[in-house]
Amino acid sequence: MSSLALLHAEQLVTLSGPKRPRVGVEMSELAIIRNGGMLVRDGKIESIGPSDEIEQNVGDAEVVDARGGVVMPGFVDAHTHLVFAGNRLDDFERRARGETYEQIARAGGGIWSTVEKTRAASERDLLADAKKHANWFLRCGTTTVEAKSGYGLTVEDELKILRVLRRLKEEVPLEIVPTFLGAHAVPRKLTPDEYLDLVITEMLPRVVMENLAEFCDIFCERGYFDIDQSRKILSEAKKLGLNLRGHVDQLTNSGGAKLMAELGGTTADHLEQTDEQGIAALRKANVQPVLLPGSVYALGSSRYPRAREMIEAGLAVVLATDFNPGSSPTPSMPMVLSLACTQMKMSPAEAITASTVNAAHSVNRGDKIGSLEPRKLANFAIFDCQDYRELAYWFGTPQALAVYVKGGRVL
Ligand SMILES: [Zn+2]
């Protein structure tokens, strides 16, 4: 039995509370213990409370002194595109010069450049890059990420990405939740309906047979997959036992949020253009909105999703990075907290709830992670600050001093 006693945390941000996603004013309740302590045995939290009480039961446990630091559950990043080859540096510079998406695509940039590089890359090379990315997440205090395929767009290349995710999970301490996003774009030379057929008749059955994903996702947007096509793919995925997520209402309000509600999706992601009808539909069907302010920021846009209205409507809001080489090249949840507070007027406490306990529920792991409570996994980070609000306040500076997964130090 390995055991660990964490003592003297300036603020131990537990997020203990009801065993479900937090809504409304609950999102502001972080259940902080000042001068807090926690006893960890065999990777799980055994007890948590005032440091003085925990200290009495230390026994032979290894002691970690968190004096002067804030201790929190590891961030759960509920929306990433972690596996890809190369980068989009040229697009980045062209955008800075004021070129449009169309000009960038004509110059050989855009999603296609990433698809081509990812198809050409070996499983080994993709894994090496993915390990580097995984380490970036850990350094920001993130201990679980949802990660999507979607840069292959052929049967073999989509499966290759999902297999890389499976190997990554075995080789790094970062916990990975895999999602199949075959319907990320329509490959060249195929019509949308031809590709839809390929996703439904070949990709989905293989993904399920090889047990490579927990969720199915789609990009529902003008020029990509429309509402009817998205409905077809997601309905088929649901029949095969996958849970549903969706990139919806990002560039246009196409009714994507309503579609996710209709299909009983777990999450509806992006939602920059979602109106009050979409918000009401999500509320009625208990779909969690996953907001991705990093992509709005990195694309130089100013149309952020309506987080305040969503919280006031009682939605269990989630924040995530949307880590990807094109529109959101950041693994940093603290940066996302900063954007949530400054651009979407969420409070620091709401932002922390959205990126821990609510995010954990959105990847079906609310019973294991996302808060620091007895019997949950000891996934936590010690930050170099004395008040949790500093995480969102000092933006752009790394504050994680140490990161633990299942009670073991990984950073
Ligand atoms: Zn995305």
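Tutor: Before we start, contact means heavy atoms that lie within 4.5 Å of each other. The model in front of us is predicted.

Student: With that meaning of contact, which residues of H6 meet which residues of H7?

Tutor: On the H6 side they are Val-155, Glu-156, Glu-158, Leu-159, Leu-162 and Arg-163, and on the H7 side they are Leu-198, Glu-202, Met-203, Arg-206 and Val-207. Sorted by type, the residues of this contact comprise six nonpolar, no polar and five charged.

Student: Why are H6 and H7 called roughly parallel to each other?

Tutor: Their axes cross at roughly 30° and come within 10 Å. Angles under 35 degrees count as roughly parallel, and H6 and H7 are therefore given that description. The crossing of H6 and H7 is also right-handed.

Student: What makes the pair H13 and H14 oblique?

Tutor: The axes of H13, residues 333-343, and H14, residues 348-355, come within 9 Å and cross at roughly 135°. An angle over 145 would count as roughly antiparallel, and one from 65 to 115 as roughly perpendicular, while the rest, apart from angles under 35 degrees, count as oblique. The value for this pair falls in none of the named ranges, which makes H13 oblique to H14. The crossing of H13 and H14 is right-handed.

Student: Which residues make the contact of H13 with H14, and how do they divide by type?

Tutor: H13 contributes Met-333, Leu-337, Ala-340 and Cys-341, and H14 contributes Pro-348, Ala-351, Ile-352 and Ser-355. These residues divide into seven nonpolar, one polar and no charged.

Student: How do you know that H13 is largely enclosed by the rest of the structure?

Tutor: A residue counts as buried when its relative accessible area is under 20%, and nine of the eleven residues of H13 are buried, so the helix is described as largely enclosed. The buried residues are Met-333, Pro-334, Met-335, Val-336, Leu-337, Ser-338, Leu-339, Ala-340 and Cys-341. The elements they pack against include strand S6, strand S7, helix H11, strand S14, H14 and helix H16.

Student: What makes Leu-319 and Met-346 stand out in the largest nonpolar core?

Tutor: That core has 106 residues, and Leu-319 and Met-346 are those with the most contacts inside it. Among helices and strands, helix H7, residues 192-209, gives the most to this core, with eight residues. Beyond its neighbours within four places in sequence, Met-346 is in contact with several residues, including Met-27, Ile-311, Val-317, Leu-319, Ala-340, Cys-341 and Ala-351. A second, separate core has 16 residues, among them Val-64, Ala-378, Phe-380 and Ile-382.

Student: Why is Asp-157 called buried?

Tutor: Asp-157, which lies in helix H6, has a relative accessible area of 14%. The limit for buried is under 20%, so Asp-157 is classed as buried. Leaving aside neighbours within four places in sequence, Asp-157 is in contact with Arg-119 and Gly-152.

Student: How do you know that His-133 belongs to the buried class?

Tutor: The relative accessible area of His-133 is 6%, and the cut-off is under 20%, so His-133 is buried. His-133 lies in helix H5, residues 123-139, and touches Leu-82, Phe-84 and Phe-323, when residues up to four places away in sequence are not counted.

Student: What makes Val-58 count as buried, given that it lies in a loop?

Tutor: The class depends on accessibility, which for Val-58 is 11%, and that value lies under 20%, so Val-58 counts as buried. The loop in question runs between helix H1 and strand S4. Val-58 touches Ala-5, Leu-7, Leu-39 and Val-63, not counting residues up to four places away in sequence. Val-58 and Met-38 are 20 residues apart in sequence, and their C-alpha atoms are 9.6 Å apart in space.

Student: Why are the phi values of Leu-15 and Arg-375 remarked upon?

Tutor: Most residues other than glycine have a negative phi. Leu-15 is not a glycine, yet it has a positive phi of about 55°, and Arg-375, also not a glycine, has a positive phi of about 80°.

Student: Which of the words buried and exposed applies to Leu-15, and which to Arg-375?

Tutor: Leu-15, in the loop between strand S1 and strand S2, has a relative accessible area of 0%, which is under 20%, so Leu-15 is buried. Arg-375, in the loop between helix H15 and strand S15, has a relative accessible area of 66%, which is over 50%, so Arg-375 is exposed.

Terms used: Residues are numbered from 1 along each chain as its sequence is written. This is a predicted model: local features need pLDDT of at least 70, side-chain atom pairs count only at pLDDT 80 or more; totals for chains, interfaces and linings use all residues. Side-chain values use heavy atoms; hydrogens and water are left out. Axes are lines fitted to C-alpha atoms, for helices over the stretch in contact, and angles run from 0 to 180 degrees between N-to-C directions. Helices (H or I, at least four residues) and strands (E, at least two) are DSSP runs, numbered from the N terminus. A crossing is left-handed if the near helix is turned anticlockwise from the far one by less than a right angle, and right-handed if clockwise. Ala, Val, Leu, Ile, Met, Phe, Trp, Tyr, Cys and Pro count as nonpolar, Asp, Glu, Lys and Arg as charged, and the others, Gly among them, as polar. A nonpolar core is a set of buried Ala, Val, Leu, Ile, Met, Phe, Trp, Tyr and Cys residues joined through side-chain atoms within 4.5 Å. Buried means under 20% relative accessible area, exposed over 50%, partly exposed in between (1.4 Å probe, protein chains only).
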